[in-house]
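I opened this notebook to record what I looked up, entry by entry. The metal site comes before the helix packing.

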Amino acid sequence: MWQDLGPVGRAASSGGYFRQPFDSAERECHAWFLQECAARGLEVEADGNGNTVGWWRAPGVAEQPGNAVLTGSHLDSVLDGGAYDGPLGVVSSFAAIDVLRDRGFVPSRPIGVGAFVEEEGSRFGLACLGSRLMTGATTPEQAQELRDRNGVPLLDAMAAAGLEPSLGSSALLNGVGVFVELHVEQGRDLVDRGAAIGVASEIWPHGRFRFDFTGEANHAGTTRMEDRHDPMLTYAMTALAANKQARLSGERATFGRIEAVPNGTNAVPSRVTAWLDARCATDASLERMLAEIEGLGQERAGRDGTSLSVTAESVSRAVGFDADLARRLAVDHTGGDWPIIATQAGHDAGVLSAAGIPTAMLFVRNPTGISHSPAESAEIADCLVGVEALADTLERLAE
Ligand code: GLV
Ligand code: MN
Ligand code: MN
């Protein structure tokens, strides 16, 4: 499976992946997903948001409302992302079904492998768009307003990819009683603990905030320094302030994306737009840190003669996963219990959990902890431990 997926959407220059929702590389991954479902005789169901599930329903097993076990992850990537964030969960899900069949296991509940669309929010800016739409956390009206960087509306992008969009809550989750997502770890917690597998306890609250700095366009040579209203300066000071605030509280603040208008070398810009990704231990501390960063930016804007407005584009509240479920999955393994660890990364599992579906996550050790980068990695031996762990988990859940 890795050999098939390896070249899809991979940039020769960096070795990173560009699989943005509804573009040709992401659709190729989706076609691969359908082939893997067909190869295993899984029944495919799709919703009008672009999410897909392949179901393993053992013959003669009566389906009951809410008894299905769903696993899977996502196939899209961040811009220039790693191979594992998302696809490891999907590949491991198919592999876990193969392991269960080799074991002769016959599930007494349906087991589904899901692929959620636009988990990264790398094209339309809203993280976990597919799972948010299917659970109703984002309404179709909100999603219809989304545009990509080229101004292409979500519905047009879907139609251009040959989909017939019908946004909103979907029947795919109707029968689901539990969801488990396997994911590469995106930090070094498991490395430090010397464990190949962990179970998630919580996801830190996090959000994306657009900072629009407006100033006055002018000549880079003839405008005296004291006469300028330069939004780039206000942005620069705000970025430094964000870094300082996050360090002071032991939390996270990142400006990873910036656009300057008109983006000319010999002109003071008229506008700078920068996106803050902020992640904190609690909902209250996320609000507090955002207010501090915005306050420092406003103060600087006052001194620069510029203006600043802040818009929340994607906010995910704290998620505490089902603690009983996490414990149930983590114990009684040869080799010892799996550690239960927190993460600062967002996941569709967080959205499903917030929607009231009992949810768990398994993490597979990442030797460097690097993620959202072409350097993201996982050892094949750990990935195979992950497949066995997911198979054991599905067996526990589908007995
Ligand atoms: C998703 O991976 C995120 O945490 O941004
Ligand atoms: Mn990611
Ligand atoms: Mn992911």
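I took as donors the N, O and S atoms within 2.8 Å of the metal (3.2 Å for Na, K and Ca); water is not among the atoms, so sites may look incomplete. The model is predicted: local features need pLDDT of at least 70 and side-chain atom pairs pLDDT 80 or more, while totals for chains, interfaces and linings use all residues. Residues are numbered from 1 along each chain as its sequence is written, chains are lettered from A and ligands numbered from 1 in written order, and side-chain values use heavy atoms, without hydrogens and water.

Entry one, the metal site. I found that the manganese ion (ligand 2) has as protein donors Asp85 (OD), Glu120 (OE), Glu120 (OE) and His372 (NE2), at 2.0 to 2.6 Å. I noted the sequence spacing of its donor residues as D-x34-E-x251-H. Asp85 bridges this ion and the manganese ion (ligand 3), the two lying 3.6 Å apart.

Entry two, burial. I called a residue buried under 20% relative accessible area, exposed over 50% and partly exposed in between (1.4 Å probe, protein chains only). Glu120 is buried at 6%, and His372 is partly exposed at 39%.

Entry three, helix packing. Helices are DSSP runs of H or I with at least four residues, numbered from the N terminus. I read contact as heavy atoms within 4.5 Å. Residues of helix 3 (87–102), including Leu88 and Val99, meet residues of helix 12 (380–398), among them Val387 and Leu394.

Conventions:
Axes fitted to C-alpha atoms, helices over the stretch in contact; angles between N-to-C directions. Helix = DSSP H or I, 4+ residues; strand = E, 2+ residues; numbered from the N terminus.
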